[in-house]
Amino acid sequence: MKILLTGAAGPAGKALAPQLVRHGVDVVRADMAGGDGIVEIPAARDPEFIRSIRNLVATENIDAVIPTVQEELPVFAKFRLNVPILLSPAEAIEAADDKWLTYHLLNRSGISVPRSTTPDSIDATTLLWMGSPVISKPRKSRGGRGVLVHENPRAFELATLPDDAIIQEFAPGVEYAPNVFISNERTECVVLEKTELAHGLHGNAVSTTVVDEPEIAQLAIDAARAIGISGPADVDIRRRADGTPVVLEINARFGANSASAPVIAEAVLEALIRDTKVFRAERSAITHDDVDVGDPEAVTS
C-alpha cells in the first residue's frame with residue numbers, strides 16, 4: 001500500500017510516518033514546509049491545495065490519503081478523490097473543529113465536560129458557578145494556541161476577551177490524551193497520561209505514559225461517538241479536584257502521541273486496506289459504465 005501523509009513535518013505526521021513504514025507501507029510525505037524528502041504542498045486554505053493533492057495522488061499512484069493537519073480536514077470533507085481519505089464525516093469534523101460546538105454536543109449527550117461560557121455571557125454569578133481559576137481559549141485552534149489560565153478571574157475583565165473565546169472551568173487534576181479509533185468493525189482506545197505539559201499547567205504533552213484507566217477510555221470513546229467520529233481521534237481529558245473526568249476537546253485525526261499507541265495505526269491500516277478494495281471495485285464498475293472517474297469535476301462534491 002502507498003499512502004500520502006499530509007502534515008508530515010508536524011508532530012502528528014512525524015509520529016505516524018515511522019509506524020506506517022514499519023508496517024510495510026510506502027509513505028509519500030507532504031507538508032507546506034517541504035524539505036528533507038517531504039513534498040511541498042500549499043496550505044489548506046490555498047485554492048491550489050486540493051489540486052496539488054490530486055496531482056500527487058495521480059503521479060505517485062497513491063492508494064489512500066491520511067491527513068494529520070486540523071485545517072485540512074474541512075477542506076478534504078468537501079471533496080472526493082480517486083482514492084479513500086481517512087476522514088470522519090463532515091459533521092464530526094465540524095464539531096471537533098469548534099470547541100464551543102464540541103462542548104454543547106457533548107453536554108447534550110450527557111458527556112462530562114467543564115463548565116463553560118463565553119465573554120458575552122460572563123458575570124459574577126456565572127464565574128462563581130465556574131470556580132477559580134478559569135481558562136480561556138479560542139473556539140478554533142490547535143496545539144494549545146491561545147490558551148490562558150486566569151488565576152484571579154474577574155468577570156468584567158473576562159468580558160473583554162475576543163468574541164470567539166471560550167471561558168472554561170479549570171480542572172486541576174491529571175490530564176490524559178486518549179488515542180481512539182472507531183469503525184463499524186473495531187473500536188480501540190489507548191489512554192496516555194500527560195506526565196509533563198509544555199506550559200506547566202496546560203499545553204501539549206512533553207511526555208506521556210500508557211496507563212490503565214478504563215473510566216477514561218470509555219469516556220473518550222463515548223465522547224468520540226457522540227460527535228460522530230469514524231476513524232482516529234485524539235481526545236483531551238482532565239480530572240476535576242474531586243477526581244471527576246471532563247472532556248476538554250476532541251481532534252478528529254491522529255495526534256502527536258500516536259507512537260505510544262501503535263494499535264491505533266494498526267486499526268487504521270486494517271480499515272484502509274478494506275476501504276481501498278471496496279473503492280477499487282466501485283471504480284472498476286463505474287469505469288465499465290464508461291464514466292470518466294479521472295475528471296476533477298466528476299469527483300468534486
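Helices (H or I, at least four residues) and strands (E, at least two) are DSSP runs, numbered from the N terminus. The model shown in these views is predicted.

**Figure 1. Overall composition of the protein.** The secondary structure comprises 9 helices and 15 strands. Of the 301 residues in the protein, 51% are buried. Among contacts with a separation of 6 or more, 61% are accounted for by residues 24 or more positions apart. The protein has an accessible surface of about 14,100 Å², and carbon and sulfur atoms hold 49% of that area.

**Figure 2. The cis peptide bond between Ser132 and Pro133.** Ser132 and Pro133 are joined by a cis peptide bond, with omega about 0°. Pro133 belongs to the loop that runs between α6 (124–130) and β6 (134–138).

**Figure 3. The second largest pocket.** This pocket holds about 590 Å³ of space. Its lining consists of 27 residues, and those that lie nearest the centre are Pro84, Ile85, Leu86, Leu87 and Asp275. At least two lining residues come from each of α3 (72–77), β10 (179–182) and α9 (262–288). Helix α9 supplies the largest share, 5 residues. By residue class, the lining has 16 nonpolar, 6 polar and 5 charged members.

**Figure 4. The largest cavity.** In the whole structure, a search finds 1 cavity of 30 Å³ or more. The space in the largest cavity amounts to about 60 Å³. Pro67, Leu73, Leu86, Leu87, Ser88, Ser230, Pro232, Ala252, Arg253 and Phe254 form its lining. Of these lining residues, 7 are nonpolar, 2 are polar and 1 is charged. Leu86 and Leu87 appear in this lining and also among the residues nearest the centre of the second largest pocket.

**Figure 5. Helix α8 and its surroundings.** Helix α8 spans residues 214–226, 13 residues in total, and extends 18 Å from its first C-alpha to its last, close to the 18 Å expected at 1.5 Å a residue. Its buried residues are Ile216, Ala217, Leu219, Ala220, Ile221, Ala223 and Ala224. They pack against one helix, α5 (99–108), and against the strands β9 (175–176), β10, β11 (187–190), β14 (231–239) and β15 (245–251). Just after α8, Gly228 adopts a positive phi of about 90°.

**Figure 6. Helix α2 and the residue that follows.** In α2 (residues 49–59), Phe49, Ile50, Ser52, Ile53, Arg54, Leu56 and Val57 are buried. Their packing partners are the strands β1 (2–6), β2 (26–31), β3 (39–40) and β4 (64–66), together with helix α3. Asn61, located just after α2, has a positive phi of about 55°, although Asn61 is a residue other than glycine. The loop between α2 and β4 contains Asn61. With a relative accessible area of 58%, Asn61 is exposed.

**Figure 7. Asp36 in the loop between β2 and β3.** Asp36 sits in the loop that connects these strands. Its phi is positive, about 55°, although Asp36 is not a glycine. Asp36 counts as exposed because its relative accessibility is 71% and the cut-off for exposed is over 50%.

**Figure 8. Contacts of Val263.** Val263 is part of helix α9. Residues up to four places away in sequence being set aside, Val263 touches Arg186, Glu188 and Val190. Cys189 is 74 residues from Val263 in sequence, and their C-alpha atoms are 8.5 Å apart in space.

Definitions and conventions:
Residues are numbered from 1 along each chain as its sequence is written. This is a predicted model: local features need pLDDT of at least 70, side-chain atom pairs count only at pLDDT 80 or more; totals for chains, interfaces and linings use all residues. Side-chain values use heavy atoms; hydrogens and water are left out. On a 1 Å grid over the protein atoms alone, a cavity is a set of points where a 1.4 Å probe fits but cannot get out, and a pocket is an open set with protein on both sides within 12 Å along at least five of seven lines; lining residues have an atom within 4 Å of a point. Grid points are joined across faces, edges and corners, and a volume is the space filled by probe spheres set on the points. Ala, Val, Leu, Ile, Met, Phe, Trp, Tyr, Cys and Pro count as nonpolar, Asp, Glu, Lys and Arg as charged, and the others, Gly among them, as polar. The expected span of a helix is 1.5 Å times one less than its number of residues. Buried means under 20% relative accessible area, exposed over 50%, partly exposed in between (1.4 Å probe, protein chains only). Contact means heavy atoms within 4.5 Å. Accessible areas come from the Shrake-Rupley method with a 1.4 Å probe; for residues, only the protein chains shown count as cover.
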